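Please report on the fold and local geometry of the chain shown below. Go from domains to single residues.

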Amino acid sequence: MKDQKHIFSILVDNEPGVLSRIAGLFSGRGYNIDSLSVAQTVESNASRITMETRGDDHIIEQIIKQLHKLINVITVIDLTDKHHIKRELALIKVHAKPEHRAEILRIVDIFRCRVVDVGHEHYTIELSGDEEKLRAIMNLLKPMGIIEMARTGAIALARETATKNSN
Amino acid sequence: MKLTGAQILIKMIKSQGVDTIFGYPGGAVIDIYDELANHPDLRHILVRHEQGAVHSADAYARAKGDVGVSLVTSGPGATNTVTGIASAYLDSVPIVVFTGQVNSALIGNDAFQEVDIVGITRPCTKHNYLVKHVEDLARTIKEAFFIARSGRPGPVLVDLPKDVMTATIEFEEPGEVHIKSYRPTYTPNRKQLTKVVELIKQAKRPLIFAGGGVVLSKSSDEITKLAKRADIPVTASLMGLGTFPASDPLWLGMPGMHGTYRANMSIDSCDLMIAAGVRFDDRVTGRIEKFAPNARIVQIDIDPTSIHKNVSVDCPIVGDCKKSLALLNELLDKEDSAEVLGDKSQWLSQISEWKSTMPLRYDQGGEIIKPQFVIETLHELTQGKAIITTEVGQNQMWTAQYYGFDKPNHFITSGGLGVMGFGLPAAIGAKAACPDKLVIDVAGDGSIQMNIQELSTALEANLPVKIVILNNRYLGMVRQWQDLFYDKRYSSTPMECAPDFVKLAEAYGATGMRASKPSEVKETLEKGLAAEGTVIMEFVVEREELVYPMVPAGGGLTEMLLV
């Protein structure tokens, strides 16, 4: 069986230690976490964790069951085979020498992102999109010199119409 | 009614039907102990080491079929419970462990006797809590007991900061426990069970494999009925011993690494395996690809993670073993009796042939005591009615092989974690749960020394237990592996220096006896079992006796070493 990338949307109690329970489950059982993003949902007592992980069918089945077994986990949805919207936010600080400024702004325009901080020597760009888009812009900006960057990891939600149709 | 945290704690523990707790005081729990002194109806058994408190609570839970409770202080008191908690977790035993904690204002400051016990025990508890506000205390305790005893049972830890215990609030009875994210599936899928009926009717070589889940769900009657109804032979894991009477002709013995020849051969040959409350541990399956290669496997378990974890299953049933087996029996009752019974004569005669050609065997000739002989004699003298606890290693395997358990809740051993030092505190816990029963710890000379201090607990609490030490002056099971697989290089397994166990017993105020010849075995056991109070019976046994059969680690079940 081949490893496949999966994306889970996990609704959990918004309590101290819950993230540690999930992280501990993954490290203790040797599962991978590719990316992880956590924040409170509409209700203050629940948080949504979006997690990307990898494994063969057997491991993915165990991951889902083991997550369900944690008392603080409310729901686990595997979005991988469902229509879903997936986004990631990145902040990229790039060297902006006078001769590169126009080029950088063109790239920003083409990728529909924004410059959110400007200095004498740099631009900070805010960008959201899927992983491919992030990779593409990083490749284009690399020659100018990326000073540092921060990424959120993916967040995702199922598409409402598609889930209704598929049910 | 205004109550302190400590008063709420005791009130809530009592409201759960608990009348015995095992514990050890300390600074962080001194307020709880102060309150405890007002409650003579809640028996506190003072252990000599916190590890013992948890093993005792574990065995208490298993002997009684209810929840066991222990109470310890913060820091080292809490860390000393970890082995006991991990053992209860792997054996799915319902216990609630209360740990003291420093004042909540000090948490995180590396205060004296502070440790993050909730963090430490996260991977080895079913769930755990740090109670930060006295308002949450009553509800948390109720939830802790609910989680410990429901679904697949397990240990729950509740960490109690000192200021939460001293705070006073207006007590309100907490409502029914409702945890939206925790709803174990008890009722099995009927359709799946109708499939099992068909599988049973078709099967020519069926087999029942019962595990600890059958003990926990109290479904030994249902398993027995199923076996008799359809004439299906039964094997049971270490944790499941006693769920089916060992005296019954359909009994195969335990399977796995030290399983009987016929049990392992039956697993290899069966065409249908009905597994109930088992998790297919590696000590049972041997090499997984060679496990039950010809069988369609039905697995009943309340924990979905147990299904498809190690072994692929053809017919999974998520549900309580008792409900599932009762429904299966009900469905079978509606079927034609002859069809359900089928013709199993060939299968059963094959099994009896395996049994007669390769029974469990040892040779009690000569002048040196064989450990198996001690266990067999113990069975004979107690008529299989005693509660037996064990330590871990050869003593545990010989007990599993030779005692012949007829009833559930009578064999209490650390199965999953394999804790040396489990047996003595476990015996004390079992005796507290069943004061009218004879309780015997079968020990080795190595493991008995790991929690020997609990002898004082037994004496002080007037919980007389009998301890059988099979003394071979070796760490026998490790030595066995060295003998068979490591060119007989006995690295650190000889234990030449041990206490004089007879004098040791006397030093604690117990009775000590020793037998060195086969002719003394029966007499020593008779005297020791009949004597008042706690007794150590030491048997100087054959030093190099090995546990057979043995499936080498990583081997298939049929690749047994037999002699």
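The domain assignment splits chain B into domain 1 (2–170), domain 2 (190–357) and domain 3 (371–540). These bounds come from an automatic or database domain assignment. The model is predicted: local features need pLDDT of at least 70, side-chain atom pairs count only at pLDDT 80 or more, and totals for chains, interfaces and linings use all residues. Residues are numbered from 1 along each chain as its sequence is written, while chains are lettered from A and ligands numbered from 1 in the order in which they are written.

**Domain contact**

The centres of domain 2 of chain B and domain 3 of chain B, taken over C-alpha atoms, are 31 Å apart. Each of these two domains of chain B gives 13 residues to the contact. Contact here means C-beta atoms, placed from the backbone, within 7 Å. On the side of domain 2 of chain B that touches domain 3 of chain B, 7 residues are nonpolar, 6 are polar and none is charged. Nonpolar covers Ala, Val, Leu, Ile, Met, Phe, Trp, Tyr, Cys and Pro; charged covers Asp, Glu, Lys and Arg; the others, Gly among them, are polar.

**Overall build**

Chain B holds 23 helices and 19 strands. Helices (H or I, at least four residues) and strands (E, at least two) are DSSP runs, numbered from the N terminus. The radius of gyration of chain B is 24 Å, close to the 24 Å that the globule rule gives for 563 residues, so chain B is as compact as a globular protein of that length. That radius is taken over C-alpha atoms, and the rule is 2.2 Å times the number of residues to the power 0.38. Of the 563 residues of chain B, 55% are buried. Buried means 20 or more other C-beta atoms within 10 Å of the residue's own, exposed means 12 or fewer, and partly exposed lies in between; C-beta atoms are placed from the backbone. Among contacts in chain B with a separation of 6 or more, 76% join residues 24 or more positions apart.

**A covered strand and helix**

Strand β4 (residues 68–72) of chain B has 5 of its 5 residues buried. G68(B), S70(B) and V72(B) lie on one side, V69(B) and L71(B) on the other. Strand β2 (residues 20–23) of chain B pairs with β4(B) in the parallel sense over 2 bridges. Strands pair if DSSP finds at least two bridges between them. F22(B) stands opposite S70(B). Strand β5 (residues 95–101) of chain B also runs parallel to β4(B), joined by 5 bridges. There, T99(B) is the bridge partner of V72(B).

Helix α3 (residues 50–64) of chain B spans 21 Å from first C-alpha to last, close to the 21 Å expected. The expected span is 1.5 Å times one less than the number of residues. Of the 15 residues of α3(B), 14 are buried, so this helix is largely enclosed by the rest of the structure. G65(B) follows α3(B) with a positive phi near 75°.

**Backbone exceptions**

Most residues other than glycine have a negative phi, and most peptide bonds are trans. Two residues with positive phi are tabulated.

| Residue | Phi | Loop in chain B | C-beta neighbours inside 10 Å |
|---|---|---|---|
| K218(B) | near 55° | between α10 (212–216) and α11 (220–230) | 15, partly exposed |
| D231(B) | about 55° | between α11 and β10 (234–236) | 16, partly exposed |

Y548(B) and P549(B) are joined by a cis peptide bond, with omega about -5°. P549(B) sits in the segment after β19 (535–540) of chain B.
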